[in-house]
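Me: Could you help me learn to read the features of a structure, one at a time? I am new to this one.

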Amino acid sequence: MILLVAITGRDCSQLIERLRTLLPEVEVQLWSECTDYSAVEFVLAWNAPADLWAKLPNLKAVSSFGAGVDSIDLTAIAPSIPVVRIVDETLASDMAEYVLTHVLAQKLRLKEYFLKQSQGAWKPKRAYAHQHVGILGYGELGKACAKRLVANGFTVSAWSNSEKQEQQVTCYHTENGLNTMLKQVDYLVCLLPLNQHTTGIIDAALLSKLQNHAVLINVARGKHVVDADLLAALDNNSLRGATLDVFAEEPLPEGHPFWFHDKITLTPHCAALSDINTVTEQIAGNVKRLLNGEWLVNLVDRTKGY
């Protein structure tokens, strides 16, 4: 059996070394060095080459290298083949800390003060009184962020594809529920999975439903946002600011207007980075389950894309 690491755009040597240590009975190979495609039964993927899947006649399982599966072309993989993702409690905690930090940074006007410092300007102002955070997407990461925000005194609402119940979070679903939530929140945090229904969801129509003092925080995927619509909302003062950790093209191209906008706080897709030990242990565990004929964990619902 070959475990094929089909991850492009990064050095996979440390990852492969760790997987070989955890799986001494399995041949672990990089996709570009594969010696026998017919022996590949498990693929670890992130932006895998588009022509790879057709070369794997005996593929039995696929794992995403991240919490999402939007980097995998699910249409190219037979419906009978299980697809799994990474669920990392540390990642959820890191994401919650990032979201809380940037909500507070926007509330306390830190971006404004950084700009004033560069101008040598001494102009103190009261922090914003805004306390209502709305979360788009209420999976594991959304729940972790909501818990941290509630613990720090924020009012939290959340919108998800299906109906959910929480004691300390007001939950919404359906389009009407989304519209109701958008009108109320001061900070909108995007934690949605990326699929055909959520691509471009943060567009002019959605942004127009927010209060003009609202702030967008996107820590999900860059393709959730229509860049031109976000810039227009910031420029016409129908949105106060934005914190962006993810982008449609990464690294963000030189010269992109996001780099220079005084209402945008930008970070390089670092809100929550998976720990290699946690990730490899989960992957190795699922490979062993496959070898033993057991159900894999963290299965993805192919109809939902998460």
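Me: Where is Asn237 found?

Reply: Asn237 lies in the loop between α7 (227-235) and β11. Keep in mind that this is a predicted model. The phi of Asn237 is near 65 degrees, a positive value in a residue other than glycine.

Me: Does Asn237 count as buried or exposed?

Reply: Burial is read from relative accessibility: buried is under 20%, exposed is over 50%, and partly exposed is in between. Asn237 counts as partly exposed because its relative accessibility is 47%.

Me: Which loop holds Arg109, and what is its phi?

Reply: Arg109 is in the loop between α2 (89-107) and α3 (110-119). Its phi is near 65 degrees, a positive value in a residue other than glycine. Arg109 has 13% relative accessibility, so it counts as buried.

Me: Now a peptide bond, please. Is the one from Glu250 to Pro251 cis or trans?

Reply: Omega is the angle to read here, and for this bond it is near -5 degrees, so to speak a cis peptide bond. Pro251 sits in the loop between β11 (241-244) and β12 (264-266).

Me: Which way do the residues of strand β9 point?

Reply: In β9 (residues 187-190), Tyr187 and Val189 point one way, while Leu188 and Cys190 point the other way. All of them are buried.

Me: How many bridges join β6 to β9?

Reply: Four bridges join β6 (residues 132-136) to β9, and the two run parallel. Gly134 has Leu188 as its bridge partner in β9. β9 also pairs with β10 (residues 215-218), again in the parallel sense, over four bridges. There, Cys190 has Asn218 of β10 as its bridge partner.

Methods: Residues numbered from 1 in each chain as written. Predicted model: local features only at pLDDT ≥ 70, side-chain atom pairs only at ≥ 80, totals over all residues. Heavy atoms only, no water. Buried < 20%, exposed > 50% of the residue type's maximum accessible area, 1.4 Å probe, protein only. Pairing = 2+ DSSP bridges.
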